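Got the viewer open? Let's take a walk through this one, stop by stop.

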Amino acid sequence: MKKGLLLMLSIILMLTMCKKKEEITTQGLPVVTTQEVTEIGISSAICGGEVTEDGGVAVMARGVCWSINPDPTITDAHTTDGSGTGSFTSNMTELDAGTVYYVRAYATNEVGTVYGEEKQFKTKEGAKVTTKDVTGITETTAICGGEVTDYGGAEVTARGVCWSTNENPTIADSHTTDGSGLGSFTSNITGLATGNTYYVRAYATTMAGTSYGIQKRFTTNGQINGHDFLDLGLSSGIRWATCNVGASTPSEYGNYYAWGEIEPKESYTVGTNVTWGQEIEEIGGNPQYDAATANCGGTWRMPTREEVDELINECEWEWTSEGDHNGCRVTGPSGNSIFLPAAGERYGTSNNNAGTVGCYWISTSGSTFQSGLGLFFGIYYNISNIGGDNRYYGHSVRAVSD
């Protein structure tokens with residue numbers, strides 16, 4: 001009997017402590033409710049809420065948060081709609097068509113953030129549109145377009161592309177209007193700034209709203225620190241210089257550098273190589289060792305192995321000639337191309353294989369345990385490959401920039 005009484009007293013004590021803990025946890029927090037979701041469109045909807053109590057501490061922010069996953073928080077997409085108590089209306093934008101979303105109102109004060117009950121809604125099905133690759137990039141123009149493959153239940157009254165220097169552009173940004181209805185279309189993008197990165201996506205508008213294709217990114221051609229670059233349309237967005245370091249035109253050979261050295265010289269030997277025997281794994285962007293950074297300045301540097309792999313795998317390579325020099329024309333997904341002259345290589349005081357082979361240093365050493373090697377990529381007719389070579393050899397350098 002005594003044991004049973006003690007057990008009952010323990011349970012009562014635990015419940016009392018839990019209740020006190022709950023009271024302490026919620027003390028000072030606001031109270032907020034979530035309104036119903038209305039005016040649901042293809043890419044937008046309206047919600048909101050009401051802060052009925054501030055918990056004795058001023059509400060600094062309020063709004064709604066939403067996600068494709070349940071229990072959204074303010075770390076997800078959210079609005080900020082004023083402060084204090086009272087009702088508020090929230091506009092949710094940049095939603096995907098035909099998608100289920102979860103939304104909750106929230107209110108924040110110095111004590112913390114609380115959420116109202118969760119609402120669920122589904123955006124309307126819109127026209128289905130795809131975005132084409134960006135091609136024909138110049139300093140101020142580019143070509144894109146798209147294809148409307150499905151009406152989505154309503155007539156497509158307008159279609160085209162929209163672009164901005166910010167991600168997820170909409171028709172509130174710069175845009176083209178390229179006809180109506182189903183089918184493929186081409187869009188001419190104009191009025192761009194030199195050397196800027198832009199985001200573009202195709203759109204299709206019906207009575208239900210506007211649908212968007214996937215986003216593409218491109219950079220207009222231009223200069224970095226006085227040196228020309230092209231956007232080849234590579235996945236990384238990396239920019240390749242149009243000329244070798246030390247050259248003023250794409251077909252010129254330019255200078256020859258030993259790996260890890262920043263100046264050309266008369267003789268390329270082991271004895272004159274400043275990095276021979278040093279365990280240096282990466283020199284990219286280091287003006288002490290990177291010939292591109294030291295000579296071009298700005299954000300220019302030698303390419304990494306991954307960036308050269310990308311150049312090899314994502315581009316078309318053609319053995320050709322330009323300005324009386326043989327080499328490879330490398331054409332990227334954007335339609336832009338760079339010319340890599342077959343400048344040969346230097347060792348000792350002689351130049352070897354010019355017009356037949358091109359050797360370009362990579363910023364990575366050949367191996368951490370072989371302190372006399374550097375990686376390079378070579379061109380021979382339309383063949384390109386990556387290999388290791390003696391650091392003291394004189395190779396060409398082609399700069400890249402993020």
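Before we set off, one term you'll need: strands here are DSSP runs of E, at least two residues long, and they are numbered from the N terminus. With that in hand, select residues 216–219, which make up strand 16. You're now beside the second largest pocket, and strand 16 gives the largest share of its lining, 4 residues.

**Stop 1: the second largest pocket**

Keep in mind throughout that this is a predicted model. Now add Lys216, Arg217, Phe218, Gly233 and Leu234 to your selection: of the 14 residues lining the second largest pocket, these lie nearest its centre. The space has a volume of about 220 Å³. Colour the lining by class and you'll get 5 nonpolar, 5 polar and 4 charged residues.

**Stop 2: the largest pocket**

Next, select Leu95, Asp96, Ala97, Ser211 and Tyr212. They lie nearest the centre of the largest pocket, which has 22 lining residues. Its volume is about 430 Å³. Two elements give two or more residues to this lining: strand 9 (128–131) and strand 15 (209–212). Which strand gives the most to the lining of the largest pocket? Strand 15 does, with 3 residues. Colouring by class shows 7 nonpolar, 10 polar and 5 charged residues around this pocket.

**Stop 3: valine 37 and its company**

Zoom to valine 37, in the loop between strand 1 (31–34) and strand 2 (45–53). Is valine 37 buried or exposed? Its relative accessible area is 16%, so it falls under the 20% cut-off and counts as buried. Show its contacts, leaving out residues up to four places away in sequence, and you'll find Ala45, Ile46, Cys47, Met92, Val103, Lys119 and Phe121. While you're here, try a distance to glycine 48: that residue is 11 places along the chain from valine 37, and the two C-alpha atoms are separated by 7.8 Å.

**Stop 4: aromatic rings**

One of those contacts, Phe121, leads straight to the next view. The structure holds 5 aromatic pairs. For one of them, select tyrosine 101 and phenylalanine 121: the ring centres are 5.7 Å apart and the planes sit at 20°, so this pair is stacked. Tyrosine 101 belongs to strand 6 (residues 100–108) and phenylalanine 121 to strand 8 (residues 119–122), so the pair ties together parts that are 20 residues apart in sequence. Both tyrosine 101 and phenylalanine 121 are buried. Then jump to Trp276, Tyr347, Tyr392 and Tyr393, which form one aromatic cluster.

**Stop 5: three asparagines**

Start with asparagine 91, found in strand 5 (residues 86–92). Setting aside residues up to four places away in sequence, asparagine 91 touches Ala45, Ile46 and Thr79. Ala45 and Ile46 should ring a bell, as they are among the contacts of valine 37 too. For a long view across the model, draw a line from asparagine 91 to glutamate 307: they are 216 residues apart along the chain, and their C-alpha atoms are separated by 42 Å.

Now select asparagine 168, in the loop between strand 11 (158–164) and strand 12 (174–175). This residue and asparagine 91 are 77 residues apart in sequence and 17 Å apart in space, C-alpha to C-alpha. Beyond its neighbours within four places in sequence, asparagine 168 is in contact with Glu94, Arg201 and Gln215. Its relative accessibility is 33%, so it counts as partly exposed.

The third is asparagine 353, in the loop between strand 24 (350–352) and strand 25 (357–367). At 42% relative accessible area, asparagine 353 is partly exposed. Check its backbone as well: phi is positive, about 65°, although this residue is not a glycine. Most residues other than glycine have a negative phi.

Aspartate 71 has a positive phi too, near 55°. Look for aspartate 71 in the loop between strand 3 (61–67) and strand 4 (77–78).

**Last stop: confidence**

Finally, colour the model by pLDDT. The protein averages 89, and 91% of the residues score at least 70. Over residues 5–9, though, the pLDDT is below 50, and this stretch has 0 contacts beyond near neighbours in sequence. Residues 15–25 also stay under 50, with 0 contacts beyond four places in sequence. Where pLDDT is low, the predicted coordinates should not be read in detail.

How values were computed:
Residues numbered from 1 in each chain as written. Predicted model: local features only at pLDDT ≥ 70, side-chain atom pairs only at ≥ 80, totals over all residues. Heavy atoms only, no water. 1 Å grid on protein atoms, 1.4 Å probe; cavity = no way out; pocket = protein on both sides within 12 Å on 5 of 7 lines; lining within 4 Å. Points joined across faces, edges and corners; volume = space filled by probe spheres on them. Nonpolar A, V, L, I, M, F, W, Y, C, P; charged D, E, K, R; others polar. Buried < 20%, exposed > 50% of the residue type's maximum accessible area, 1.4 Å probe, protein only. Contact = heavy atoms within 4.5 Å. pLDDT = per-residue confidence, 0-100. Phe/Tyr/Trp six-rings, centres within 6.5 Å; stacked < 30°, edge-to-face > 60°.
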